[in-house]
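Student: Could you take me through one strand of this complex closely? After that, I would like to hear how it fits with the rest.

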Amino acid sequence: MRAALVTHPLDANALLREVGGPGHGATAVFVGTVRSTNDGRDVKAIEYTAYEEMAQREMAGILDEAGQRYSGVILVAEHRLGLLEVGDASIAIAAAHAHRGAALDALRYAIDEIKHRVPVWKRELYADGSQSWVDPTRVMPT
Amino acid sequence: MLITVRFFASYADSLGLDQTQLTLDAGSSVTDVLASVAQMPGAHALHARPLVAVNHVYADPATLLGPGDEVAVIPPVAGG
């Protein structure tokens with residue numbers, strides 16, 4: 001298991017190679033990328049920041065939890081920080097296991113828990129020059 | 001005892017600082033830190049019961065603090 005916060009572009013293929021092995025019949029990868037619209041607004045870029053000491057520890061803990069839930073799975077996760085443009089990958093996670101079910105389930109567990117628990121924040125920069133912090137707990141008007 | 005309090009993202013913007021130090025009585029808890037923070041200029045923009053971590057681990061408001069502890073007041077996380 002390896003979890004890291006990085007500032008360089010993410011390379012999902014490198015993560016796949018890192019977890020792969022002759023005993024792993026299944027490898028899976030999740031890549032999250034900066035989207036061009038959010039809440040109907042045109043997003044130009046997103047600035048990611050973190051409470052780095054805690055975020056790295058929390059990510060590593062989540063990967064360990066996944067390893068306990070899905071015995072035999074190997075996971076690596078990298079979260080990119082800094083200013084990312086539309087299409088840039090902000091997170092990449094790779095999972096490998098003897099069988100596809102555990103690889104996919106562990107991957108899903110890892111990305112869901114990372115989104116809920118790891119202290120990372122994003123400030124969206126919009127095409128009109130404005131910006132705002134993203135608050136996933138905010139109730140959207142209907 | 002001296003406690004370091006850290007703020008991030010929207011909370012740091014609202015308060016105008018990312019770190020401060022508080023002198024609290026022995027036996028103080030996270031609740032006491034949040035009460036002090038609530039008196040700071042700009043604190044109205046913080047959630048009523050924000051997420052808190054003590055020494056890099058999520059903690060509930062009743063958590064007792066020790067000298068030198070680092071308390072982080074954490075806005076809603078948005079990683080991934």
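Student: Which residue in β7(A) is the bridge partner of A77(A)?

Tutor: Happy to help: the partner of A77(A) in β7(A) is I93(A). This is a predicted model, in which local features need pLDDT of at least 70 (pLDDT is the predictor's confidence in each residue, from 0 to 100) and side-chain atom pairs count only at pLDDT 80 or more, while totals for chains, interfaces and linings use all residues. Residues are numbered from 1 along each chain as its sequence is written, and chains are lettered from A and ligands numbered from 1 in the order in which they are written.

The strand that holds A77(A) is β5(A), residues 74-80 (strands are DSSP runs of E with at least two residues, helices are runs of H or I with at least four, and both are numbered from the N terminus). β5(A) is mostly covered, with 7 of its 7 residues buried (20 or more other C-beta atoms within 10 Å of the residue's own; 12 or fewer is exposed, anything in between is partly exposed, and C-beta atoms are placed from the backbone). I74(A), V76(A), E78(A) and R80(A) point one way, L75(A), A77(A) and H79(A) point the other way, and all are buried.

β5(A) has two pairings to look at (strands pair if DSSP finds at least two bridges between them). With β7(A), β5(A) runs antiparallel over 6 bridges. With β1(A), residues 2-6, β5(A) runs parallel over 5 bridges, and V6(A) stands opposite R80(A).

L75(A) also leads us to the core. The largest nonpolar core (buried Ala, Val, Leu, Ile, Met, Phe, Trp, Tyr and Cys residues joined through C-beta atoms within 7 Å) has 59 residues, and L75(A), A95(A), A106(A), A110(A) and V71(B) have the most contacts inside it. Leaving aside residues up to four places away in sequence, A95(A) touches V73(A), L75(A), A103(A), A106(A) and L107(A), among others (two residues are in contact if their C-beta atoms, placed from the backbone, lie within 7 Å).

Now to the partner chain. In all, 23 residues of chain A are in contact with 13 residues of chain B. On the chain A side, two or more residues each come from α2, β7, α3 and β8, and α3(A) gives the most, with 4. That side divides into 12 nonpolar, 5 polar and 6 charged residues (Ala, Val, Leu, Ile, Met, Phe, Trp, Tyr, Cys and Pro count as nonpolar, Asp, Glu, Lys and Arg as charged, and the others, Gly among them, as polar).

Chain B has 2 helices and 5 strands, arranged along the sequence as β-α-β-α-β-β-β. Its radius of gyration (over C-alpha atoms) is 12 Å, close to the 12 Å of the globule rule for 80 residues (2.2 Å times the number of residues to the power 0.38), so chain B is as compact as a globular protein of that length.

Compare β5(A) with β1(B), residues 2-7: in β1(B), I3(B), V5(B) and F7(B) point to one face and are buried, while L2(B), T4(B) and R6(B) point to the other and are not. β1(B) pairs antiparallel with β2(B) over 5 bridges, where L2(B) has T23(B) as its partner. A parallel pairing of 4 bridges joins β1(B) to β5(B), with R6(B) opposite A72(B).

As for confidence, chain B has a mean pLDDT of 97, and the predictor gives the complex an ipTM of 0.94 and a pTM of 0.94.
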